[in-house]
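Let's take a walk through this chain, starting with its empty spaces and ending with two residues seen up close. Have a look at the model first.

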Amino acid sequence: MARRAMSLLPQWSSRVFSLELDGAPFYFSLQEKHRGEEVPRVFRGVQPCDRCYSVLVCSSDRVRRAKFYWELRDKLLRDLPPDCDVSPMSSFLPNVKGSLISGFFLKESSHSSERVLRDLIRNDPVLVCSYLRGGDGQLWTQHLWSHPDSQTSEQYCVVPSEAPEYHPATLNIINSDVFYSFEEACEVMRKCGDIIPEATSVMELLPSGAEARSKPDFPVIVIEGLDATGKTTLTESLRDSLGATLLRSPPQCLSPLRARFDREPPLIRRAFYALGNYITAEQVGQQGMKTPVIVDRFWHSTAAYAIATAVSGPVCNLPAEGSEVYRWPGDLLQPSLVVLLTLDPEERRRRLRDRGQGKTEEEQELDHNQLFRLKVEEAYRRISGPACVTVDASPSADQVLQQVQLLIRGKCHL
């Protein structure tokens with residue numbers, strides 16, 4: 001069994017298991033003995049002929065773990081029988097940061113999945129469990145497979161569990177979904193060198209840590225907002241009216257690499273975009289010695305999209321306001337002012353249609369999923385150090401420009 005898997009076993013019975021079915025979360029936990037608890041909700045609809053399994057990815061190498069999990073769903077759908085339902089699943093220790101491991105819950109009636117699962121634990125970084133129903137239908141047990149050829153397994157009673165105080169995804173956000181230090185993001189990119197040749201090109205573009213946080217002589221104004229809120233029009237107008245330098249994040253030097261890293265798992269993709277912020281910060285530090293600097297998107301966007309993606313469900317599942325996940329990285333240049341442009345959703349969609357431009361997967365999700373948009377907007381508002389100043393972008397471009405210029409005069413004395 002893999003070293004990471006072995007390290008999980010001493011606390012295995014303390015873990016909570018989370019499963020999403022049709023967008024609704026279900027939780028269960030383990031006990032050595034059954035004490036009359038009711039059947040966990042996730043098992044109530046299981047038919048007598050069905051078999052259930054879980055597959056959890058547990059490599060100690062987090063880049064390998066992320067890559068394998070990213071590819072595991074396709075592998076399961078390809079190799080398992082067509083009647084097998086595959087649903088996202090995770091396991092965690094309540095309130096223990098970094099304890100979340102992810103995988104899938106399987107339910108099938110053809111009884112032909114075990115061969116595939118035994119091959120998985122023989123060759124891949126996974127823990128596999130089967131779930132068996134007792135004779136009276138009221139007792140379910142989890143059997144943790146110890147070895148692909150072994151006929152024995154550790155057994156626990158499965159019982160209902162209360163929903164955790166915080167969404168499980170929040171346990172692993174720091175330096176996995178959102179990066180808070182240059183070195184943490186660099187470490188991920190360095191480890192990708194053997195599997196993603198383009199990672200070497202990214203490393204060659206990076207500044208030193210000191211260059212990414214050096215404070216310029218002139219003010220730095222960041223303009224944030226969803227697509228089609230008027231950022232490009234406003235940033236170009238501010239550049240012209242203030243005699244400023246206009247920069248964008250991700251920086252232009254990373255543009256040829258974006259499509260490659262957009263295909264990668266969140267850990268690697270987020271590290272790529274985090275490093276883009278540090279490259280932009282170096283450019284800001286250089287240009288800010290000569291002129292004011294306007295930046296089209298910066299760390300707020302990187303963090304807000306990542307948090308909204310990682311945390312499933314409604315807005316109330318987001319980490320509470322004041323949580324450390326919203327804090328600005330200590331080694332990244334802080335802007336003088338951050339303006340968040342907001343716009344009525346219907347008007348924003350109309351502007352997007354008029355553009356007719358290609359969009360990233362996350363931008364497409366904004367268009368089709370109102371809940372995701374609300375989570376992104378709320379995450380923007382909760383980020384601190386510096387916080388966003390919200391500006392309604394629905395008036396004319398000239399009116400928005402005038403309002404932002406007043407903010408800049410008051411805050412930056414330009």
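Which residues line the second largest cavity? They are Phe-92, Pro-94, Asn-95, Pro-164, Tyr-166, His-167, Pro-168, Thr-170 and Leu-171. Before going further, some housekeeping: this is a predicted model, where local features need pLDDT of at least 70, side-chain atom pairs count only at pLDDT 80 or more, and totals for chains, interfaces and linings use all residues. Residues are numbered from 1 along each chain as its sequence is written, and side-chain values use heavy atoms, with hydrogens and water left out.

Back to the holes. Rolling a probe the size of a water molecule over the atoms shows where empty space is left. Here, on a 1 Å grid over the protein atoms alone, a cavity is a set of points where a 1.4 Å probe fits but cannot get out, while a pocket is an open set with protein on both sides within 12 Å along at least five of seven lines; a lining residue has an atom within 4 Å of a point. Points are joined across faces, edges and corners, and a volume is the space filled by probe spheres set on them.

Counted that way, there are two cavities of 30 Å³ or more. The second largest holds about 50 Å³, and its lining splits into six nonpolar, three polar and no charged residues. (Ala, Val, Leu, Ile, Met, Phe, Trp, Tyr, Cys and Pro count as nonpolar, Asp, Glu, Lys and Arg as charged, and the others, Gly among them, as polar.) The largest cavity has about 60 Å³ of space, and its lining has five nonpolar, three polar and three charged residues. Among the residues around the largest cavity are Arg-348, Glu-377 and Arg-381. Strand 12 (337–342) and helix 14 (370–382) each bring at least two residues to that lining; helices (H or I, at least four residues) and strands (E, at least two) are DSSP runs numbered from the N terminus.

Now for an open space: the second largest pocket, at about 260 Å³. Its lining includes Asn-95, Tyr-166, Thr-170 and Leu-171, and these four also appear in the lining of the second largest cavity. By class, the pocket lining has seven nonpolar, three polar and two charged residues.

Step back to the whole chain, with its 15 helices and 13 strands. The radius of gyration, taken over C-alpha atoms, is 24 Å, close to the 22 Å from the globule rule (2.2 Å times the number of residues to the power 0.38) for 414 residues, so the chain is as compact as a globular protein of that length. The C-alpha trace spans about 75 × 40 × 35 Å along its principal axes.

Finally, the two close-ups. Val-55 sits in strand 3 (residues 51–57) and is buried, at 0% relative accessible area; buried means under 20%, exposed over 50%, and partly exposed in between, with a 1.4 Å probe and protein chains only. Its contacts (heavy atoms within 4.5 Å) include Leu-72, Phe-104 and Val-128, leaving aside neighbours within four places in sequence. Val-55 and Val-128 are 73 residues apart in sequence but 4.7 Å apart in space, C-alpha to C-alpha.

Ser-181 lies in the loop between strand 8 (153–160) and helix 5 (182–191), and Ser-181 is buried too, at 18%. Beyond residues up to four places away in sequence, Ser-181 touches Asn-175, Tyr-278 and Asp-331.
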